[in-house]
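Let's take a stroll through a protein model and see how some of its parts fit together. Keep the picture open while you read.

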Amino acid sequence: MPKMGIKTSRSAAKNAAPAPAPRPLRVVSASAKPARAAHLAANRTASVAANRAAKPASLAGALFSATQQRVLGLLFGQPERSFFATELIALAGAGSGAVQREVQRLAESGLVNVTRVGNQKHVQANASAPIFEELRGIAYKALGPAEALRDALAPLASRLRASWLYGSVAKGSDRAQSDFDVLLVAKNDAGLTLEAVYAALAPAEKRLGRSISPTLYTESEFRRRLTNGNAFVTKVMAGQRVLLTGDEHAADPTR
Amino acid sequence: MPLTQLDNLVRAGQLKAEPPAQSEIDGLVRSGHVRLLDAGNASLNIESRFDLAYNAAHALSLAALRWHGYRSENRYIVFQSLAHTLKLPPEQWRVLDRAHK
């Protein structure tokens with residue numbers, strides 16, 4: 001069997017083919033045409049945005065301010081959870097005034113419920129708000145992909161040293177069609193296959209509505225590549241990434 | 001044996017229809033088996049073993065596509081067709097599709 005972790009360059013074959021679709025071959029029919037038109041329109045919109053701003057907006061950035069993203073991501077990413085106001089401020093990592101203003105606006109619009117218990121304020125997403133499901137979907141797809149990936153990888157966690165989300169989503173420069181790039185470092189004796197990783201990630205892919213590109217190494221393969229200055233691994237580890245499972249230092253060759 | 005999903009790809013110009021030729025299918029299966037056998041040779045470098053295994057997978061996947069009466073020059077179409085030609089679950093054909101990239 002091929003060594004799954006190896007990144008091979010087959011650029012000649014890749015260039016000869018149209019953009020590789022990671023999903024099953026789509027059944028092309030008359031109904032596919034509007035989808036293609038929408039796709040082209042989305043591309044056009046994206047390029048307009050790219051021309052306007054040096055740093056292209058992420059999906060969430062196009063819709064919400066930074067504070068809104070954090071507050072909505074917490075409240076609608078975990079809608080079953082009631083947050084203390086102070087807790088929300090700490091988790092959002094934003095100024096308390098800014099967070100309180102967002103919460104107040106959300107409460108006034110009926111999107112969240114604020115209840116007082118003694119002198120503590122509890123904030124929770126309002127499940128009966130007319131756009132609750134939509135906001136929850138946005139929080140999940142655009143604000144909290146890391147959470148979705150963590151859920152999907154949880155059954156494999158004991159066989160992994162570490163895993164990271166990297167690439168455009170981790171950088172916050174993702175577009176609607178961006179893949180989720182995930183680097184996984186398996187324990188040497190775990191016998192984890194790329195096939196098992198694809199299977200574990202399938203539900204997250206379905207719920208996120210975007211494809212996930214996993215790259216799997218064993219710990220010794222990963223460390224060897226780090227030591228040898230392998231371009232791909234070096235770039236991922238030097239760039240922005242979000243820890244999904246394990247310990248950030250687990251794969252550090254000096255430890 | 002024609003498949004509806006693959007017929008749609010023929011209409012979209014992504015796949016060619018071509019009646020199966022038993023001698024070609026036999027040749028592809030033989031070539032796939034030979035390469036797969038050599039890929040198990042631990043005295044070779046891992047890069048060479050990967051190439052052998054990858055080309056074995058392509059030859060065998062193409063044999064399945066030809067058996068159904070189709071052909072494609074695009075390797076990723078050949079691998080992605082496995083979902084229909086051999087009813088392979090996504091996690092299996094996607095590993096091959098990934099190896100191609």
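What follows is a short tour of a cavity, some strands and a couple of helices in this predicted model.

**The cavity**

Start with the empty space inside. The structure holds one cavity of 30 Å³ or more, and the largest cavity takes up about 40 Å³. Which residues line the largest cavity? They are Ala85(A), Leu88(A), Val99(A), Gln100(A), Val103(A) and Lys121(A). Sort that lining by chemistry and you get four nonpolar residues, one polar and one charged. Two helices of chain A, H5 (85–92) and H6 (96–108), each supply at least two residues of the lining. H6(A) gives the most, with three residues.

**A neighbour of the lining residues**

Now look at Val71(A), which sits in helix H4 (residues 66–77) of chain A. Is Val71(A) buried or exposed? Its relative accessible area is 1%, and buried means under 20%, so Val71(A) counts as buried. If you skip its neighbours within four places in sequence, Val71(A) touches Val99(A), Glu102(A), Val103(A) and Leu106(A). Two of the names there, Val99(A) and Val103(A), also turn up in the cavity lining. Along the chain, Val71(A) and Val103(A) are 32 residues apart, yet in space their C-alpha atoms are 7.8 Å apart.

**Strands that pair up**

Chain A also has an open sheet of three strands, in the order S1-S3-S2, with antiparallel pairing. At its edges are S1 (83–84) and S2 (112–117), each of which pairs on one side only. S1(A) is joined to S3 (residues 120–125) by two bridges, and Phe84(A) has His122(A) as its bridge partner in S3(A).

Elsewhere in chain A, strand S5 (residues 180–186) pairs with both S4(A) and S6(A). Here are those two pairings side by side:

| Partner of S5(A) | Direction | Bridges | A facing pair |
|---|---|---|---|
| S4(A), residues 160–166 | antiparallel | six bridges | Ala162(A) and Val185(A) |
| S6(A), residues 212–218 | parallel | seven bridges | Val182(A) and Pro214(A) |

How many of the seven residues of S5(A) are buried? Seven of the seven are, which leaves the strand mostly covered. In a regular strand the side chains alternate between the two faces of the sheet. For S5(A), one side carries Phe180(A), Val182(A), Leu184(A) and Ala186(A), while Asp181(A), Leu183(A) and Val185(A) are on the other. Both faces are covered, and the residues on each are buried.

**A two-sided helix in chain B**

Last stop: helix H1 (residues 4–11) of chain B. Its buried residues are Leu6(B), Asn8(B) and Leu9(B). Why do they line one face of the helix? Looking down the axis of H1(B), you find the buried residues within an arc of 150°, so they fall on one face. The face turned away from that buried side holds Thr4(B) and Arg11(B), which are exposed.

And what covers the buried residues of H1(B)? The cover includes three elements of chain B: helix H3 (46–67), strand S2 (70–71) and helix H5 (82–85). After H1(B) comes Gly13(B), with a positive phi near 80°.

Note on methods
Residues are numbered from 1 along each chain as its sequence is written. Chains are lettered from A and ligands numbered from 1 in the order in which they are written. This is a predicted model: local features need pLDDT of at least 70, side-chain atom pairs count only at pLDDT 80 or more; totals for chains, interfaces and linings use all residues. Side-chain values use heavy atoms; hydrogens and water are left out. On a 1 Å grid over the protein atoms alone, a cavity is a set of points where a 1.4 Å probe fits but cannot get out, and a pocket is an open set with protein on both sides within 12 Å along at least five of seven lines; lining residues have an atom within 4 Å of a point. Grid points are joined across faces, edges and corners, and a volume is the space filled by probe spheres set on the points. Helices (H or I, at least four residues) and strands (E, at least two) are DSSP runs, numbered from the N terminus. Ala, Val, Leu, Ile, Met, Phe, Trp, Tyr, Cys and Pro count as nonpolar, Asp, Glu, Lys and Arg as charged, and the others, Gly among them, as polar. Buried means under 20% relative accessible area, exposed over 50%, partly exposed in between (1.4 Å probe, protein chains only). Two strands pair if DSSP finds at least two bridges between them. The arc is that of the directions from the helix axis to the C-beta atoms. Contact means heavy atoms within 4.5 Å.
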